[in-house]
Amino acid sequence: EFRHQADHGGVASLAFVTGLGRGGGGAGAARQHAHLMVTGSAAGALCVWDLGKRQRACVVAHAHRGRIASAAAVPNEELLVTSGEDNQLRVWVFDQVHALGGAAGAVAGPPRVLRSRGGHWSPPNRVRFHPARPDYLLTSGTDRTLRGFNLYRPQQTFEFSQRTAEAAKRQKKKKKAKAKKGGGDGARRPWGTIVGFEVSQAKEHEWASVIACHENTGEASTWNFARKRVSSKPIGGRGLRLDISAVSISACGHYCVVGTDSGKLERYNLQSGNFYRAYPAAASRKAHRGQVTGVQIDAVNFSVVSSGLDGTLKVWDYHEHKLQRMVQIPDRDSGEGVREGE
């Protein structure tokens, strides 16, 4: 009788792997007697059982987010295919099998992911083509992830890492440490759901080229498309008490403009994350009465267009930070202002 640990949940799927070390001598001969049963749990854990020794060999605790719906072994191969509620299809390889000597037979180490395909595990809410790479589609979802989908080469599809390069280096140096140090720009941030993002091809290989605004967050995250990870230089956080609601990147890739729930419109340096200037230039004034619902910089860095719940569409001089013209949008029956995309 085999039993899962309580925190792993019930058994949701099951498969038998019998193709370990088929043929050959040496290490393969030691592995040919390994017969494994693999169970997928309701909590997303993958448990490997050694049928010869009648005991659990290893556990992959977070093989999937949520229930592992199905598992199937490839006949006469050291491969296992699993699918889960997280909209992921993964191929696992059992290449960590070793002999114990004598009549003990063989046991299997934890399998590793050989290939993986998937998408958002909850509904996507924003979709946009990369301006310089029409084969890439960037999407964000309510699962708090940002992904890049290649329309022609699925193997090049990826999820942006939410761990900065600095944090990744520290993790490699401190693999054996039991406790992780918190704080600092390199730490992983609990970003909320992305409600809007902008992509630029300029300076893509120098610094961040993607900026995103999030629910319940006074900062905008920045992402490096070339490195496929979040940047350590977020935008905002300079006393902004309300959420950032709209973002845009300049054509040169050096600056970004963000709008807030309070009606502020501010320009930041995208490389350093430092505040540059506000629209209008007077710090005491706001660009809109109420939330900024959209902002866009033109293709030649001449004008900035913003919209707000006050029912106005405003055009600002990009360099002088002065209002050039304003259009009053007629009120709708709902009484709401200009929404993003309208």
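**A guided tour of strands, a buried tryptophan and salt bridges**

Select strands E15 and E16 to begin: 5 bridges pair them in the antiparallel sense. Strands are DSSP runs of E of at least two residues, numbered from the N terminus, and two strands pair if DSSP finds at least two bridges between them. This is a predicted model, in which local features need pLDDT of at least 70 and side-chain atom pairs count only at pLDDT 80 or more, while totals for chains, interfaces and linings use all residues. Residues are numbered from 1 along each chain as its sequence is written, and side-chain values use heavy atoms, with hydrogens and water left out.

**Strand E16 and its partners**

Within this pair, display Ile194 and His214; His214, in E16, is the bridge partner of Ile194. Next, colour E16 (residues 210–214) by accessibility. Buried means under 20% relative accessible area, exposed over 50%, and partly exposed in between, with a 1.4 Å probe and protein chains only. In E16, 5 of the 5 residues are buried, so the strand is largely enclosed by the rest of the structure. In a regular strand the side chains alternate between the two faces of the sheet. Here Val210, Ala212 and His214 point one way, whereas Ile211 and Cys213 point the other way.

Extend the selection to E17, which runs antiparallel to E16 and is joined to it by 4 bridges. Cys213 stands opposite Ala220 in E17. The two strands, E16 and E17, form a hairpin with 4 residues between them, and Asn216 in the turn has a positive phi of about 55 degrees.

**Trp223**

Remain on strand E17 (residues 219–224) and select Trp223, which lies in it. Is Trp223 buried or exposed? Trp223 is buried, with a relative accessible area of 1%. Contact means heavy atoms within 4.5 Å. Leaving aside residues up to four places away in sequence, Trp223 touches several residues, among them Phe160, Ala208, Val210, Ala212 and Arg229. Leu146 is also one of the residues touched by Trp223; the C-alpha atoms of the two are separated by 9.3 Å, although their positions lie 77 residues apart along the chain. The side chains of Trp223 and Ser221 are joined by a polar contact of 2.8 Å. A polar contact is a pair of N or O atoms within 3.5 Å; within protein, one must be able to donate a hydrogen and the other to accept it, and residues adjacent in sequence count only if both atoms are side-chain atoms.

**Salt bridges**

The structure holds 5 salt bridges, each a side-chain nitrogen of Lys or Arg within 4 Å of a carboxyl oxygen of Asp or Glu. Return to E15 and select Glu198, which forms a salt bridge with Arg128, the closest N and O atoms being 2.4 Å apart. Glu198 lies in strand E15 (residues 194–199) and Arg128 in strand E11 (residues 124–129), so this pair ties together parts that are 70 residues apart in sequence. Glu198 counts as buried at 10% relative accessibility, whereas Arg128 is partly exposed at 31%.

Then select Arg67 and Glu85, whose side chains meet in a salt bridge (3.4 Å, N to O). Arg67 is partly exposed, with a relative accessible area of 33%, and Glu85 is partly exposed, at 48%.

**Strands E24 to E27**

Finally, select the open sheet of 4 strands in the order E24-E25-E26-E27, with antiparallel pairing. Its edge strands, E24 (292–297) and E27 (323–328), each pair on one side only. For a closing view, display Val295, which stands opposite Ser306 in E25.
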